[in-house]
Amino acid sequence: MKKTIANNLPRLRLIAIATAAVAISACGGGGGGGGGGGFPILPIAPTPAPAPASQPPAPVADNSAPCFNEADFREGTTVEFEGAKPGAGAEPASFHRKSVTEGREVFGGANPIAFNVESQTVRIMRATQTTVKKEYKDLVGGNILLYGKSTAYTQTIDPELVASLPVGFPRDQATTFSQTFEPPFSFPVDMKPGQVVSQKSSVTKSTVFNGRSESATSIPATGELTYQGREKLETPLGTFDTCKLSLKITVGASVISKDTTQELWLAAEGPYRGQLLKGSDAKSTKLVTKMTYSPK
């Protein structure tokens, strides 16, 4: 998967904030009765109730559920942001990502939700090439399922160029590269600080050209999600309470395995709840500087 899982971290997204209140009340006593000498015993005055103590603020839950937003899985939800190295100042953004939630789509033998994370069309010499990158996820029973990703290239050659090509050369070409987790990685959205969830799977890399399968290879894979807890994070968008998570994907086995680890900071509050505010891997760290979030 593209290391944006972030970005790709997308989301995803259930609220479970525990609240508590403390109330103090007091009750007084009363008495009455008769005595000797014909003088009645006066009732004992009730003890005045103390002034109610001020209620402490409701404790903030430290679980990860608020940092996942169910709206991200609704068709039409769009999130677009720019990121830069922390402390980069006025330097131009070095990272841009736009994700649009689409409908369900057949992928890896299942029917997950497709997220369009890149779509562009360019002219290359005398042909038009379109690139579409998608990630496939789902939210089922309080768990986020990661199915994989694909990159599709379609190319259409200009009509005047076709005549100069060999007979039978296709004017339209379509190539799709995909990486599929089988079974999909499944991680709970509601985790406690320090909790680690690990799962074994395999990643299948395949290529399809004009509807014909060209190649497919499958190797073992392991996914490990660690919820490190809450952390206050200052960003150009403001200061937020965030959930800090680490996602480690190991591909291969024994000495030829390769690890990819991403640290993710997801907003637990505010207008960007559930969205990635900071991401870090072995190569760089990116802090979100601008964001437009339009949930459905």
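A disulfide here is a pair of cysteine sulfur atoms within 2.5 Å, and a search of this whole predicted model turns up 1 of them.

**View 1. The disulfide between Cys 67 and Cys 243.**
The sulfur atoms of Cys 67 and Cys 243 sit 2.0 Å from each other, so the pair falls within the 2.5 Å cut-off. The link is right-handed, with 75 degrees about the S-S bond. It ties together distant parts of the chain, 176 residues apart: Cys 67 belongs to the segment before strand E1 (78-84), while Cys 243 is in strand E9 (residues 238-251). Buried or exposed, what is Cys 67? Cys 67 is buried, at a relative accessible area of 0%, and Cys 243 is buried too, with 0%.

**View 2. The whole chain, for orientation.**
Before zooming in further, here's the overall layout. The protein chain has 1 helix and 12 strands. Starting at the N terminus, the order of elements is β-β-β-β-β-α-β-β-β-β-β-β-β. Of the 296 residues in the chain, 39% are buried. The chain exposes about 16300 Å², and 56% of that comes from carbon and sulfur atoms.

**View 3. The largest nonpolar core.**
In soluble globular proteins, nonpolar side chains tend to be buried together. The largest nonpolar core in this model holds 40 residues. Which of them touch the most other members? They are Phe 68, Ile 144, Phe 185, Phe 187, Leu 245 and Met 291. Strand E9 gives the most to this core, with 5 residues. Another core, of 5 residues, lies apart from it and includes Phe 107, Ala 114, Leu 145 and Tyr 147.

**View 4. Around Phe 187.**
Phe 187 is one of the residues that touch the most other members of the largest nonpolar core. Skip its neighbours within four places in sequence, and Phe 187 is in contact with Gly 142, Asn 143, Ile 144 and Leu 146, as well as Val 197. The list of contacts for Phe 187 carries on with Gly 223, Glu 224, Leu 225 and Leu 247.

**View 5. Strand E6, with Thr 180 and a cis peptide bond.**
Thr 180 is located in strand E6 (residues 172-188). Its relative accessible area is 8%, so Thr 180 counts as buried, the limit being under 20%. Leaving out neighbours within four places in sequence, what is Thr 180 in contact with? Its partners are Phe 107, Gly 108, Tyr 147, Ser 202, Val 203 and Thr 204. Of these, Phe 107 and Tyr 147 are also among the members of the 5-residue core. Pro 183 is found in strand E6 as well, and a cis peptide bond joins Glu 182 to Pro 183, with omega about 0 degrees.

**View 6. Met 125 and the nonpolar surface patch.**
Val 122, Ile 124 and Met 125 make a nonpolar surface patch of about 310 Å². Met 125 sits in the loop between strand E3 (113-124) and strand E4 (127-140). With a relative accessible area of 79%, Met 125 is exposed because it is over the 50% cut-off. One for the backbone watchers: phi of Met 125 is near 55 degrees, a positive value in a residue other than glycine.

**View 7. Asn 210 in the loop between E7 and E8.**
Asn 210 lies between strand E7 (196-209) and strand E8 (212-235), in the loop. Phi of Asn 210 is near 50 degrees, again a positive value in a residue other than glycine. Asn 210 is partly exposed, at a relative accessible area of 34%.

Conventions:
Residues numbered from 1 in each chain as written. Predicted model: local features only at pLDDT ≥ 70, side-chain atom pairs only at ≥ 80, totals over all residues. Heavy atoms only, no water. Helix = DSSP H or I, 4+ residues; strand = E, 2+ residues; numbered from the N terminus. Buried < 20%, exposed > 50% of the residue type's maximum accessible area, 1.4 Å probe, protein only. Areas by Shrake-Rupley, 256 points an atom, 1.4 Å probe, with all protein chains shown as cover. Patch = residues over 30% accessible without salt bridge, like charges linked within 9 Å, V, L, I, M, F, W, Y side chains within 5 Å. Salt bridge = Lys/Arg side-chain N within 4 Å of Asp/Glu carboxyl O. Contact = heavy atoms within 4.5 Å. Core = buried A, V, L, I, M, F, W, Y, C linked by side-chain atoms within 4.5 Å.
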